[in-house]
Each structure stands twice: as structure tokens, then as C-alpha cells.
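The following exercises are to be worked with the sequence and the structure in view. Each task is followed by a solution in steps.

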Amino acid sequence: GFLYFIVDLNRMSLSYVNPGGQQARKATALTINIGAARGLQEVLKTNLGPKGTMKMLVSGAGLIKITKDGNTLLGEMQIQHPTASLIARTATATDDTTGDGSTSTVLVIGELLRQCERWIQDGRHPRILTE
């Protein structure tokens, strides 16, 4: 197959393009990314705290794991979305560094993006929110 690249002469940059990828407009891409973060948040929010619920993970081979540890769940989940994967890696790095906090990290990031989504719908530019 061919490799596809985009050449930006204004910035003198070269970018690889995935020919099988989908293209989305800025607003749609933002909504999709926030939705992926909130989806991950929805999965993990019931795990938090002493009354958190256990999750049963079943592998392709039929092996069963029961856990409420966010790090274990994130490690076992097959996350396809790039933004959700980035959040999962951030949460896993937090857990690796401090020994805890993967679920809290996902929940905080999800909530931050949920609040940003509200501001963006009111007309704020995402750049203002990141500053």
C-alpha cells in the first residue's frame, strides 16, 4: 500500500495520514473526544470508594477476573479510542507513580472535560479553557 502525507508549506511540516482513518470537523472531533472521556468515566465511576462495585472481566479465552481496581480494569480493557487511551495511560502512570489514584484520575479528567463541554456549548473557545 501507499503511505499518505500532508505537506503544510506555511509551517514547513510533514504529517502522516492514516488512509483508513476517518476525518471529522473540529467541533465533531471535540464532541467525540469528550464523549470518549465521559464513557471511560462512566465505566469507572462506580468503582470509587469503599462501597465501589466489583467488575467482572472475561477474557477471550474465558478467564474471569473480578476487581474494582481501576489500574487493573484499565490494563485489561481494550481501549480503541485515542483520547480514551491517553486518559487510561495517564491514570495508569499515576497509579504506577503513587500506588493509587487511577480511578480518581479518570474521574477528574472526565469531569473537567464535561465542564469544558458546557462552556464550549456556551460559545467559549477551547483555547481559552486550556489557558
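A crossing of two helices is called right-handed if the near helix is turned clockwise from the far one by less than a right angle, and left-handed if it is turned anticlockwise. The model examined here is a predicted one.

**Exercise 1. Describe how helix α1 and helix α3 pack, and state which residues make the contact.**

Solution.
Step 1. Helix α1 covers residues 26-44, and helix α3 covers residues 82-98.
Step 2. The axes of α1 and α3 are 8 Å apart and form an angle of about 45 degrees.
Step 3. The two helices are therefore oblique to each other.
Step 4. The crossing of α1 and α3 is right-handed.
Step 5. On the α1 side the contact is made by N33, A36, A37 and L40, and on the α3 side by T83, A84, I87 and A88.
Step 6. Sorted by type, the residues of this contact are six nonpolar, two polar and no charged.

**Exercise 2. Determine at what angle α3 and α4 cross, and which residues of the two helices meet.**

Solution.
Step 1. Helix α4 spans residues 102-121, and its axis comes within 8 Å of that of α3, with a crossing of roughly 140 degrees.
Step 2. Only angles over 145 degrees count as roughly antiparallel, so α3 is oblique to α4.
Step 3. The crossing of α3 and α4 is right-handed.
Step 4. From α3, the residues I87, T90, A91, T94 and D95 meet S102, T105, V106, I109 and L113 of α4.
Step 5. This contact of α3 with α4 comprises five nonpolar residues, four polar ones and one charged.
Step 6. I87 takes part in the contact with α4 and also in the contact with α1.

**Exercise 3. Establish how strands β3 and β4 are joined.**

Solution.
Step 1. Strand β3 consists of residues 55-58, and strand β4 of residues 64-67.
Step 2. The strands run antiparallel and are joined by four bridges.
Step 3. V58 stands opposite I64 in β4.
Step 4. Together β3 and β4 form a hairpin with five residues between them, and G62 in the turn has a positive phi of about 90 degrees.

**Exercise 4. Locate K55 and list its surroundings.**

Solution.
Step 1. K55 lies in strand β3.
Step 2. Leaving aside residues up to four places away in sequence, K55 touches V43, T46, N47, K65, I66, T67 and L73.
Step 3. The side chain of K55 has a polar contact of 2.5 Å with that of T46 and one of 2.9 Å with that of N47.
Step 4. L73 is 18 residues from K55 in sequence, and their C-alpha atoms are 8.1 Å apart.

Technical notes
Residues are numbered from 1 along each chain as its sequence is written. This is a predicted model: local features need pLDDT of at least 70, side-chain atom pairs count only at pLDDT 80 or more; totals for chains, interfaces and linings use all residues. Side-chain values use heavy atoms; hydrogens and water are left out. Axes are lines fitted to C-alpha atoms, for helices over the stretch in contact, and angles run from 0 to 180 degrees between N-to-C directions. Angles under 35 degrees count as roughly parallel, over 145 as roughly antiparallel, 65 to 115 as roughly perpendicular and the rest as oblique. Contact means heavy atoms within 4.5 Å. Ala, Val, Leu, Ile, Met, Phe, Trp, Tyr, Cys and Pro count as nonpolar, Asp, Glu, Lys and Arg as charged, and the others, Gly among them, as polar. A polar contact is a pair of N or O atoms within 3.5 Å; within protein, one must be able to donate a hydrogen and the other to accept it, and residues adjacent in sequence count only if both atoms are side-chain atoms. Two strands pair if DSSP finds at least two bridges between them.
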